[in-house]
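Me: Hi! Could you walk me through this one?
Reply: Happy to. Have a look first, then ask away.
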Amino acid sequence: MQALILEHNEGQTHAEVKKISTSALPEGNVIVDINYTGLNYKDALAITGKGKIIRQFPMVPGIDFAGRVHSSEDNRFHIGQPVLLTGWGVGENHWGGLAQQARVNADWLVPIPEQLDPRKAMIIGTAGFTAMLCVMALEEAGVTPQSGEVIVTGASGGVGSTAVALLHHLGYQVAAVSGRTSTHSYLQQLGAGRILDRDAFSDSRPLEKQTWAGAIDTVGGKVLATLLAQMNYGGCIAACGLAGGTSLPTTVMPFILRNVRLQGVDSVMAPAARRVAAWERLARELPETFYQQAATEITLEQTSEYAHKILNNEIHGRTVVKID
Ligand code: NDP
């Protein structure tokens, strides 16, 4: 089988498509024939070596994939069944989805909802799944379309694009923050009511004019700090990303004077029942147009090139790898 193999020597990560034996796959009780894999921000960090994602080499990266069951020792899954996987450390410490096959633990797999197929499942991918978890976090905090405007940062990225499309479809007024004017018409098509320049979120006082009922933040750093200062009384931010940095230069003021909630969102270790619920909602609530608007399809050989493009902020929406 073909796989993207990462090796590490002399402080550098090297990525190359190689032919390997299926017997080299790690332990697991289900083998999946992979049709599509997502190329995520975390994959880009791993493939380029710009983030310390992988600690054991050689490694097959790819934190999500979708395909059909090739063989199964677990009676929840049968041969030919469409399945998807996101997270659980796959593509980080267990060989991942940038290969023709993967051998994994059955507990990590989710049956693909019947409205979707492997390609659509990966256009959504880890990013879209995380966007859904963020929307669910806002709903659980009591943020409704009647509460006021909801803002999404890193809006033209994978998480951001899906969050904009989902929130718009659910009836929210959506503001999108983007660092690129080239993405404005794309964001409007997804349902953004207004688009704000990322530079306007680079500095803030501890408290500013109350503007947002909810927020989905994929960026962190000063952008997240500015959002905190601008939240309505009782508002909630679902924070899932670090595209702008890992720091959070804020004060306690939004929390103690405005009852603001900062809700962290992790997709990697999300419990199985929440995964199934989120995927069923994604299948139901993403409009058909999303799949045409938000996807770039590439080959396994192009993954390294596109990993650099992702980190250089040259891509919008989702990048999916078609595995032949
Ligand atoms: P993408 O690369 O698709 O999108 C990131 C977006 O962030 C870009 O499109 C860009 O949007 C914006 N951005 C890029 N660089 C910067 C910068 N230096 N400062 C501010 N904004 C920037 O990534 P994903 O959408 O897949 O992931 C977004 C973040 O969420 C990542 O940090 C990722 O690691 C994290 N993540 C976390 C998960 C979890 O489980 N918690 C799961 C999935 C992702 P624009 O050009 O519109 O400004």
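Reply: One term before we start: contact here means heavy atoms within 4.5 Å. Also, this is a predicted model.

Me: Thanks! How is the chain divided?
Reply: There are two parts: domain 1 covers 2-112 + 294-322, and domain 2 covers 125-264. Taken over C-alpha atoms, their centres are 29 Å apart.

Me: How many residues of domain 1 are in contact with domain 2?
Reply: 12 residues of domain 1 are, and they meet 14 residues of domain 2.

Me: And how much area do domain 1 and domain 2 bury between them?
Reply: About 960 Å², with 52% of it on carbon and sulfur atoms. On the domain 1 side, Asn313, His316 and Arg318 supply 43% of the area buried against domain 2, more than any other three residues.

Me: What classes of residue are on the domain 1 side that touches domain 2?
Reply: That side has four nonpolar, five polar and three charged residues.

Me: How many salt bridges are there between the two domains?
Reply: Zero salt bridges between domain 1 and domain 2. There are, however, five residue pairs in polar contact between them, both residues at pLDDT 80 or more.

Me: Switching topic: how many disulfides does the structure hold?
Reply: Zero. For Cys236, the nearest cysteine sulfur is that of Cys134, 9.5 Å away. Cys240 is in no disulfide either, with the sulfur of Cys134 as its nearest at 4.0 Å. A disulfide needs the two sulfur atoms within 2.5 Å, so that pair does not count.

Me: Is Cys236 buried or exposed?
Reply: Cys236 is at 1% relative accessibility, so it counts as buried. Cys240, at 24%, counts as partly exposed.

Terms used. Residues numbered from 1 in each chain as written. Predicted model: local features only at pLDDT ≥ 70, side-chain atom pairs only at ≥ 80, totals over all residues. Heavy atoms only, no water. Buried < 20%, exposed > 50% of the residue type's maximum accessible area, 1.4 Å probe, protein only. Domains from an automatic or database assignment. Buried area = accessible area lost by both parts, 1.4 Å probe. Salt bridge = Lys/Arg side-chain N within 4 Å of Asp/Glu carboxyl O. Polar contact = N/O pair within 3.5 Å; in protein donor to acceptor, adjacent residues only side chain to side chain. Nonpolar A, V, L, I, M, F, W, Y, C, P; charged D, E, K, R; others polar.
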